[in-house]
Amino acid sequence: MNVLELTPPRPASRHASRNPLTAPAAYPGAAPEPGKPIFLEDGSMLLLRPIDPGDVETLMRAFKRMTPEQVRARVFHALSELPEPVARSMCRVDPAQAIAVVATDPDGGEIRAEARVHLDVVTQSAELAIAIDPQFTGKGLGRILVEHLIRAARAHGMREIWGDTQAGNFAMLGLTRRLGFTHDRKRDDASLVRFFLNLDSAAAHERDTSS
């Protein structure tokens, strides 16, 4: 699982989404958006929807199911549980700053993946983060989530999507490589790899291959 945000909120941007799969519930206590069915490679089905202010406890349970290796790959240090204030902040997303979605069981009882991009309208770039329940890795869920966020970031006017991961996170490196991301070892920290995708060229490639 490469991703769970433990950083302070980013500065707000001027872009706001009204897409039901990119805009979180606006009011605490409001019913979550209905999920969109997504199907994994083994035939199982999950629901994809915006993260909701009511997801705090469910998100904390999801974090506890992560392996120590997954936690280190995401937050770059050991952490046994997700602090409630952090989980609460993660679940209250300003759509002008970020897009955050979760994949849940069909009954909505558990979160099986969480993914988001932080939007920077100054640089027109989106920082990607993703975390997947260890029981649901290797089933194509990561690809579904990243492709969804690529489309969402492009719809918000972003021209690049990027992220950092540990050099030993071969699952994330393999996924991003298959999706056309470029990799660059960070000069100030050899243990990290930055992956990035130019959304303009990616869109052009999609148009060429579909024509």
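**A note on strand 5 and its sheet**

1. Let's start with strand 5, which is mostly covered: 8 of its 8 residues are buried. Keep in mind as you look that this is a predicted model. Which residues of strand 5 are covered on each face? On one side they are S125, E127, A129 and A131, and on the other A126, L128, I130 and I132; all are buried.

2. Now for the partners of strand 5. Strand 4 pairs with strand 5 in the antiparallel sense, over 8 bridges. To find the pairing on your screen, look for E114, which stands opposite A131 in strand 5. Strand 6 also pairs with strand 5, but here the sense is parallel, over 3 bridges. A handy residue for this pairing is A126: its bridge partner in strand 6 is I161.

3. How does the chain get from strand 5 to strand 6? The path runs through helix 4 (residues 141-155), and this β-α-β crossover is right-handed.

4. Go back to the link between strand 4 and strand 5. These two strands form a hairpin with 4 residues between them. One residue to pick out there is Q124, found in the loop between strand 4 (111-120) and strand 5 (125-132). Its phi is near 55°, a positive value in a residue other than glycine. That deserves a second look, because most residues other than glycine have a negative phi.

5. Is Q124 buried or exposed? Neither label fits: Q124 is partly exposed, because its relative accessible area of 32% lies between the 20% cut-off for buried and the 50% cut-off for exposed. Compare that with S125, which belongs to the covered strand 5 and is buried.

6. Zoom out to the sheet. This is an open sheet of 8 strands with mixed pairing, in the order 1-2-3-4-5-6-8-7. Its edge strands are strand 1 (36-39) and strand 7 (182-185), each of which pairs on one side only. On average, neighbouring strands of this sheet are turned by 25° against each other, ignoring direction.

7. Look closely at the order near its end: strand 8 comes between strand 6 and strand 7. Strand 6 (residues 160-166) and strand 8 (residues 192-198) pair in the antiparallel sense over 7 bridges. To spot this pairing, find D164, whose bridge partner in strand 8 is R194. So that you can trace it all in one go: strand 6 has a parallel pairing with strand 5 and an antiparallel one with strand 8, where two strands pair if there are at least two bridges between them.

Definitions and conventions. Residues are numbered from 1 along each chain as its sequence is written. This is a predicted model: local features need pLDDT of at least 70, side-chain atom pairs count only at pLDDT 80 or more; totals for chains, interfaces and linings use all residues. Side-chain values use heavy atoms; hydrogens and water are left out. Buried means under 20% relative accessible area, exposed over 50%, partly exposed in between (1.4 Å probe, protein chains only). Axes are lines fitted to C-alpha atoms, for helices over the stretch in contact, and angles run from 0 to 180 degrees between N-to-C directions. A crossover is right-handed if, with the strands pointing away from the viewer, the path from the first strand over the helix to the second runs clockwise.
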